[in-house]
Amino acid sequence: MLAAVLREYGGPEVLKIEKLPDPEIREDEVLVRVEACALNRIDVWFRSGRYRTSLPRILGGDIAGRIEKLGGGVKGFGIGQPVVVYSVLSDGTCRYCMIGRRNRCVNVGFIGGAADGGYAEYVKVRDYNLVPLSNLDAEIAACLPIDFGTSLNAINLIGGLTPVDTVFVMGGSGGLGHAFVKLSKLFGAEVIAASSSEEKLSFLEKIGADHVINYRTEDVRKRVMEITHGMGVSVSLDHSGSETWNLCLDVLKKGGILLTAGITTGENASVNIAQIYRREARIQGVYSYLKEDLIKAVELASKGKLKPEIFRTYSLSEIVEAHRLFDSGNFTGKIVLKMR
Ligand SMILES: [Zn+2]
């Protein structure tokens, strides 16, 4: 098979197309012919070496395709069946797995990180990691797992969103941000989203954000307070880290919840404790997603209630250009590799 292989960490150019033997499957594994694989920030972190794995490695955790071959012990799936991959790897036996929180597994890993992923014509996965598809295009399905799954996990962790909620999303135009904006609107919340350019703000308005703020040219705290009549928001999502975390805490109203889901700009922030307890604010970490979250995202997309926004598709041979675009940040929504 053809695959984009990572043999050394570095810039986009380290991803090289190679011909490799097709993966061999075990009894409980399935060989999936990859039709589409969406890019994510975690791919860039593995590529650049910010996250380390054993090399060589095939990246890509957001995978949709069709079943090519079944291991002898696999039941309930058929050759040719369209599927999307649940990308979280877990042992299935630890105390967290036993209570259904596979994303908290003591041996957690990710397809496209700890195991080979979808920047290839074929990928092998455990049968547990498959979710059947009915009527979704592969490139749409491939956008669902990490961004929409993680957004649904976040929303479930805080007990849901309703029309009484006001949500602030910092960096709303990327993969996770746009998923959270779309889901918040679907559940009826009022959404304020911040981004860095007029193009990205128009995109956010197009996907349903009620209010948009340019964080490069506007005072975000002031604008959020104006929009919310001095109250602040009930839920704030930060997936950028150090640079934006305190801002996302500041804009909460009393009893509000800060969802923290990423560290792109750094891992450390200092916090004013009084600001948390006097407002009875909550801080909720969000780490990846459950299989149930992906099943829900697939269901919503299949019913036409949810549609990821694809900025551009590339072929596997254009992987370097695809990563260059991702690194540039000059895109909205998702970048997707289409295999054929
Ligand atoms: Zn476990």
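Which residue in strand 11 is the bridge partner of Val167? Select Val167 and look across to strand 11: the partner is Val191.

Before going on, some conventions. The model is predicted, so local features need pLDDT of at least 70, side-chain atom pairs count only at pLDDT 80 or more, and totals for chains, interfaces and linings use all residues. Residue numbers start from 1 along each chain as its sequence is written. Helices (H or I, at least four residues) and strands (E, at least two) are DSSP runs, numbered from the N terminus. Two strands pair if DSSP finds at least two bridges between them.

**Stop 1: the six-stranded sheet**

Select residues 166-170, which are strand 10, and residues 190-195, which are strand 11; five bridges pair them in the parallel sense. Now extend the selection to the open sheet of six strands to which they belong, with the order 12-11-10-13-14-15 and parallel pairing. Strand 12 (211-214) and strand 15 (282-285) stand at the edges; each has a single partner strand, so one side of each is left without a neighbour in the sheet. Direction ignored, neighbouring strands of this sheet are turned by 20° against each other on average. For that angle, axes are lines fitted to C-alpha atoms, for helices over the stretch in contact, and angles run from 0 to 180 degrees between N-to-C directions.

Stay on strand 11 and move to its pairing with strand 12, which is parallel over four bridges. Ala194 stands opposite Ile213 in strand 12. Add helix 6 (residues 198-206) to the view: strand 11, helix 6 and strand 12 make a right-handed β-α-β unit. A crossover is right-handed if, with the strands pointing away from the viewer, the path from the first strand over the helix to the second runs clockwise.

**Stop 2: helix 4 and its two partners**

Select helix 4 (residues 144-157) and helix 5 (residues 175-186), which pack at an angle of about 50° with their axes 8 Å apart. That angle makes helix 4 oblique to helix 5. The classes are: under 35 degrees roughly parallel, over 145 roughly antiparallel, 65 to 115 roughly perpendicular, and the rest oblique. Helix 4 passes helix 5 in a right-handed crossing, where the near helix is turned clockwise from the far one by less than a right angle, and anticlockwise would be left-handed.

Show Asp147, Phe148, Thr150, Ser151, Leu152 and Ile155 of helix 4, which meet Gly175, Leu176, Ala179, Phe180 and Leu183 of helix 5. Contact here requires C-beta atoms, placed from the backbone, to lie within 7 Å. The residues of this contact divide into seven nonpolar, three polar and one charged. Ala, Val, Leu, Ile, Met, Phe, Trp, Tyr, Cys and Pro count as nonpolar, Asp, Glu, Lys and Arg as charged, and the others, Gly among them, as polar.

Next, swap helix 5 for helix 10 (residues 291-302), which packs on helix 4 at about 105°, with the axes 8 Å apart. Helix 4 and helix 10 are therefore roughly perpendicular to each other. On helix 4 the contact is made by Leu144, Pro145, Phe148, Gly149, Leu152 and Asn153, and on helix 10 by Asp293, Leu294, Lys296, Ala297, Val298 and Ala301. By class, eight are nonpolar, two polar and two charged.

**Stop 3: strands 16 and 17**

Go to strand 16 (residues 310-315) and strand 17 (residues 334-338), a parallel pair with five bridges. Tyr314 stands opposite Leu337 in strand 17. From strand 16 the chain crosses through helix 11 (residues 319-328) to strand 17, a right-handed β-α-β crossover.

**Stop 4: strands 3, 4 and 5**

Select strand 3 (residues 29-38) and strand 4; they pair in the antiparallel sense over eight bridges. Ala38 has Asp62 of strand 4 as its bridge partner. Strand 4 is also joined by three bridges to strand 5 (residues 82-85), and these two run antiparallel.

**Stop 5: two backbone details**

Finish in the loops. Pro56 lies between helix 1 (41-48) and strand 4 (62-70), and a cis peptide bond joins Leu55 to Pro56, with omega about 0°. Glu280 is found in the loop between helix 9 (273-277) and strand 15; its phi is near 50°, a positive value in a residue other than glycine.

Key:
Contact = placed C-beta atoms within 7 Å.
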